[in-house]
Amino acid sequence: MSPPSPHPRRTRLPRAFYSRDPRVVAPELLNKILLRDDGRAGRIVEVEAYAGAEDPAAHSYRGKTARNATMFGPGGHLYVYFTYGMHWCANAVCGRPGEGVGVLLRAMEPLDGIELMREARRFPARTRDIASGPGRLAQAMGIDRTFDGADLVTMERGITIVSDGTPPPEHPIAGPRIGIRHAVEHPWRWHVPEHAHVSKTRAGVPPARKGRGKT
DNA sequence: GTCCCGATTCCCT
DNA sequence: GGGAATCGGGACC
């Protein structure tokens, strides 16, 4: 028998879970739990799919480079990139090797290790500001470039995604992705309905399109 | 080598 | 609702 665990029902996702189209995997990642071996854990409530060579908004759109090499590897690994000179963002690589597809983890509801997360985030005033946004999520979980390529299935670098038995929402909210310039027409962002920890806008309210877009 | 700008966040108005 | 912060990647010369 295995030793007793405070969360006996948490089970790791198999490689096969990730080895599919990111637009299928993304909504299925909702309500799963991102878990670190230092006890930090949070429920994933918002994600975006990036579809590789057919997706001008994807880092992998123009092919493999040193930065995005992890995206072109097998599914079930973490692709971590640095942006805006200060933020790290984490993706679950999906699909098959060479496809360059994945799912950006955009927002999380803190579950365990919340004091560690608050410290990592330099003590935000409100709990919902701990991990409601991709940069915030990575900072709260202590994810930086050393986690790029980490295998979520084997947990070799102490990070994984697990299920506690909670199914994905039956009717997730789908809408346009946030913070991109190309392919904004694709509704490849999903979040849990009515959830306080979703980024950018209030739960259930799609982000307002600004600037040059059609109305 | 130079230049532009980003899968963002925070703080101000 | 808007602009600054801040720096590495990638396109181009």
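Over the ring of which residue does the charged end of Arg20 sit? The ring is that of Phe17, and the charged end of Arg20 is 5.1 Å from its centre; a charge counts as sitting over a ring if NZ of Lys or CZ of Arg is within 6 Å of the ring centre and within 35 degrees of the ring normal.

1. Basis. This is a predicted model, in which local features need pLDDT of at least 70 and side-chain atom pairs count only at pLDDT 80 or more, while totals for chains, interfaces and linings use all residues. Residues are numbered from 1 along each chain as its sequence is written, chains are lettered from A and ligands numbered from 1 in the order in which they are written, and side-chain values use heavy atoms, with hydrogens and water left out.

2. Rings and charges. The whole structure holds three aromatic pairs (rings of Phe, Tyr and Trp, the last by its six-membered ring, with centres within 6.5 Å; planes under 30 degrees apart are stacked, over 60 edge-to-face, and the rest tilted). One of them is the edge-to-face pair of Phe17 and Tyr18, at 5.4 Å centre to centre and 85° between the planes. Phe17 and Tyr18 are both buried (buried means under 20% relative accessible area, exposed over 50%, partly exposed in between, with a 1.4 Å probe and protein chains only). Another pair, Tyr79 with Tyr81, is tilted, with 5.7 Å between centres and 35° between the planes. Tyr79 is buried at a relative accessible area of 1%, and Tyr81 is buried at 12%. The charged end of Arg23 sits over the ring of Trp188, 4.8 Å from its centre.

3. DNA strand B. There are 20 residues around this strand, and Tyr81, Asn91, Gly135, Arg136 and Arg181 come nearest (a residue is near a strand if one of its heavy atoms lies within 4 Å of it). Of the atoms of DNA strand B within 4 Å of the protein, 52% are sugar and phosphate. The surface near DNA strand B has nine nonpolar, seven polar and four charged residues (Ala, Val, Leu, Ile, Met, Phe, Trp, Tyr, Cys and Pro count as nonpolar, Asp, Glu, Lys and Arg as charged, and the others, Gly among them, as polar). Its largest share, three residues, is supplied by α4; β5 (87-94), β6 (101-112) and α4 (134-141) each give at least two (helices, H or I, of at least four residues and strands, E, of at least two are DSSP runs, numbered from the N terminus).

4. Atom pairs to DNA strand B. A phosphate oxygen lies 2.4 Å from a polar side-chain atom of Arg136, and a phosphate oxygen lies 3.2 Å from a backbone N or O atom of Gly179. At the bases, an oxygen is 2.8 Å from a side-chain N or O atom of His87.

5. DNA strand C. Around this strand are Arg62, Thr65, Arg67, Phe82, Tyr84, Gly85, Met86 and Arg145, by class three nonpolar, two polar and three charged residues. Sugar or phosphate makes up 65% of the strand's atoms within 4 Å of the protein, and bases the rest. The side chain of Thr65 places an N or O atom 2.8 Å from a phosphate oxygen of DNA strand C, whereas a polar backbone atom of Tyr84 is 2.7 Å from a base oxygen.

6. Ser199. This residue lies in the segment after β9 (189-191) and is buried, with a relative accessible area of 2%. Its side chain and that of Arg106 are joined by a polar contact of 3.2 Å (a pair of N or O atoms within 3.5 Å; within protein, one must be able to donate a hydrogen and the other to accept it, and residues adjacent in sequence count only if both atoms are side-chain atoms). Leaving aside residues up to four places away in sequence, Ser199 touches Glu46, Arg106, Ala107, Ser132, Gly133, Ile178 and Arg189 (heavy atoms within 4.5 Å).
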